[in-house]
Amino acid sequence: MSMDTLLFECVGIRAGNKFPIENTGRGQDISPEFLIKNLSPTARTLAVTLEDIRHPLFKNFTHWLIWNIPATKKIAGAIPGGKIVPSLGNARQGLGYGWYKYAGPKPPKGNQHLYRFTIYALDSEIELPFLPTKGRFIKRATGHIIQQGNIVAEFE
């Protein structure tokens with residue numbers, strides 16, 4: 001396995017499995033905990049995105065974007081909303097279905113959607129001065145991403 005694959009566990013979700021209700025818009029809508037297995041010693045920050053990869057209108061619809069998390073082997077769950085998260089080393093949250101906060105799966109009743117968490121390990125902090133979207137983050141982060149991995153799970 002190449003060094004650039006980031007291995008992690010999303011607590012409560014096994015790859016290809018279902019979301020726990022508390023991590024969805026049908027439950028408490030709290031972000032899950034992440035345990036990172038092989039973080040590079042050169043990583044300075046982490047970023048996490050959550051996307052609906054089966055959204056009927058918007059391909060890879062962003063639910064959550066958080067970045068500039070200090071590099072760590074464990075990201076606690078239930079991250080509070082806000083553009084800046086002081087309890088997480090002043091990590092930043094961006095725009096998506098959750099405006100500056102985690103927004104878990106909540107597809108229309110009876111529809112099964114697939115969701116992907118991606119964690120990026122970066123060699124620096126990333127500045128996004130305005131409209132912090134996933135697309136803008138990826139554009140700025142290109143060249144700074146040293147590891148990346150994802151987990152896909154379903155809901156409903």
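The accessible surface of the protein adds up to about 7900 Å², and carbon and sulfur atoms hold 55% of that. This comes from a predicted model. On the inside of the ledger, buried residues account for 45% of the 156 residues. As for charge, there are 19 positive side chains against 12 negative ones, with the centres of the two sets 4 Å apart.

Overall dimensions come next. The C-alpha trace spans about 45 × 35 × 30 Å along its principal axes. The radius of gyration is 14 Å, which agrees with the value near 15 Å that a compact globule of 156 residues would have.

The fold is built from nine strands and one helix, arranged along the sequence as β-β-β-β-β-β-β-β-α-β. Contacts reach well along the chain: of those between residues at least 6 apart in sequence, 70% link residues at least 24 apart.

The helix, α1, runs over residues 134–141, and its buried residues are Lys134, Phe137 and Ala141. These three sit on the same side of α1, because the arc they cover around the axis is only 60 degrees. The spacing fits the usual helix geometry: an α-helix has 3.6 residues a turn, so residues three or four places apart point the same way. The cover over the buried residues of α1 includes strands β3 (45–52), β4 (61–70), β8 (113–122) and β9 (145–155). After α1 comes Gly143, which has a positive phi, near 95 degrees.

Conventions
Residues numbered from 1 in each chain as written. Predicted model: local features only at pLDDT ≥ 70, side-chain atom pairs only at ≥ 80, totals over all residues. Heavy atoms only, no water. Helix = DSSP H or I, 4+ residues; strand = E, 2+ residues; numbered from the N terminus. Rg over C-alpha atoms; globule rule 2.2 N^0.38 Å. Buried < 20%, exposed > 50% of the residue type's maximum accessible area, 1.4 Å probe, protein only. Contact = heavy atoms within 4.5 Å. Areas by Shrake-Rupley, 256 points an atom, 1.4 Å probe, with all protein chains shown as cover. Lys, Arg positive; Asp, Glu negative; His and termini not counted. Charge placed at Lys NZ, Arg CZ, Asp CG, Glu CD. Arc of directions from axis to C-beta.
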